[in-house]
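Biologist: Please show me the model, and let us then go through the reasoning behind its labels.

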Amino acid sequence: MAHSCYFCLFPVFLFNRGYSIFDISILDTIFSIGIVLFEVPTGIIADRMRRDKCIHLSYILMLLAYLFIYIDISFPMLVVANLIMALASAFSSGIIDVWLLDGLKGDGCDEGMAIISGFMQVIENLGLTIGLFLGGLLVTMTIRYAFAGGLVLLIIAVILCFILICDAGGGEVDNIASEKIGEYIINSIKAVTAPFLGVSFTMAIVSFAIASPLNVHWQVFFNQKGIDSEFILSNLYSIRTVLIVIGGIIAGTFKKRESGNNLLIFRIFIPISALALILSAVIDNCWISLGLWSIISITNTIARSFWTAELLSTMGESRRSTLFSINSLIFSFASAAGSLVIGKIADVRGIDLAWEICGCVMILAVVFSFYASKLVKERGRKADE
């Protein structure tokens, strides 16, 4: 709620204050580069120490970054704030998933990860929808009210984090805490199995293709398509988050009925996302384009849930935070490259062409998913032998 209320119209706000699309993409790239720098160290810290403390630190750092932006939106301050946000994100991305798994294991919960991943996205996006609606109301008065509302919500989130996020157990951590750091890094590198890399590279292709359309450009894109109301722009995004909730529910239903290849489901829904992305750029009608763009929210949610389940099945429990961090590093590096390249293309040749290229790149993920499946089968055959 805090994040969506605070940033509900942030790209448009910067655009209207004289920042170009490429400037906004540079800021997004700086954030992704920060993730690349911080991911693995924070994953190692989480594996060798208590994961709940890393999550607490993440929330405090995020609050600090938001305060900086609230005080000053000069480019240097935005750079500093994005780096702090990257460090905050690095202390929670993957780590909070592993913290959840620790707790589920301790409680004897044996639900499939695809079901849980879909459910988590439902909860996250319900909060996102409420925050967007609240931010859309506040921004009709002044955008600083939306920022202030986000800060209040984030302060509440920090307090709740310290109350609710506690030690989830995870005796596996004790087994590796005694390893020297050099030995730990070597053993972690060995733990990065071929199937893990195959699945990671698949999602890296997808992240390259969707980084700018889904995270950076969409408000400017639809603003240029003819939607000029800030209230409508903010709350149209709420519709997308509702569709993400639907996607999470569908993913959970699929997993209950389909216990087969996770990557097979991934390969079904990613081409649908790519086609919808291309058509949303080609079609001039802003409402049809918005509908097509929203389809991506459903299909990507389903694909991501099954990708997460496949990813978790390839990594050892004791080093999951580190391996999740390595995956996030690959993912963030691709997002940084995609945001920068696509942002420049959008500036020079127009957003429509940039989105069409994104859709084409997205299709490449299907090819990589076949490679990932091959690696998984080879690993299974060697294990049988």
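The exchange below concerns this predicted model and the grounds for several of its descriptions.

Modeller: Let us begin with the cysteines.

Biologist: Why is C358 called buried?

Modeller: The relative accessible area of C358 is 1%. Buried means under 20%, so C358 is buried.

Biologist: What makes C358 too far from the closest cysteine sulfur for a bond?

Modeller: That closest sulfur belongs to C360 and lies 9.3 Å from the sulfur of C358. A disulfide requires cysteine sulfur atoms within 2.5 Å, so this pair does not form one. A search of the whole structure finds zero disulfides.

Biologist: Why is C54 called buried?

Modeller: With a relative accessible area of 4%, C54 falls under the 20% limit and is therefore buried.

Biologist: Why is I155 called partly exposed?

Modeller: I155, in helix α8 (residues 143-164), has a relative accessible area of 43%. Partly exposed lies between the limits of 20% and 50%, so the label applies to I155. Together with V152, I156, I159, L160, I163 and L164, I155 makes a nonpolar surface patch of about 660 Å².

Biologist: Which residues touch the most other members of the largest nonpolar core?

Modeller: They are V206, F266, I270, W355 and M362, in a core of 45 residues. Helix α17 (351-384) is one of the helices that each supply at least two residues, and the largest share, nine residues, comes from α17.

Biologist: Which residues is W355 in contact with, leaving aside neighbours within four places in sequence?

Modeller: W355 is in contact with P213, H217, W218, F221, L277, S280, A281 and W293.

Methods: Residues are numbered from 1 along each chain as its sequence is written. This is a predicted model: local features need pLDDT of at least 70, side-chain atom pairs count only at pLDDT 80 or more; totals for chains, interfaces and linings use all residues. Side-chain values use heavy atoms; hydrogens and water are left out. A nonpolar core is a set of buried Ala, Val, Leu, Ile, Met, Phe, Trp, Tyr and Cys residues joined through side-chain atoms within 4.5 Å. Buried means under 20% relative accessible area, exposed over 50%, partly exposed in between (1.4 Å probe, protein chains only). Helices (H or I, at least four residues) and strands (E, at least two) are DSSP runs, numbered from the N terminus. Contact means heavy atoms within 4.5 Å. Patches are made of residues with over 30% relative accessible area and no salt bridge: like charges are joined within 9 Å, nonpolar side chains (Val, Leu, Ile, Met, Phe, Trp, Tyr) within 5 Å. Accessible areas come from the Shrake-Rupley method with a 1.4 Å probe; for residues, only the protein chains shown count as cover. A salt bridge is a side-chain nitrogen of Lys or Arg within 4 Å of a carboxyl oxygen of Asp or Glu.
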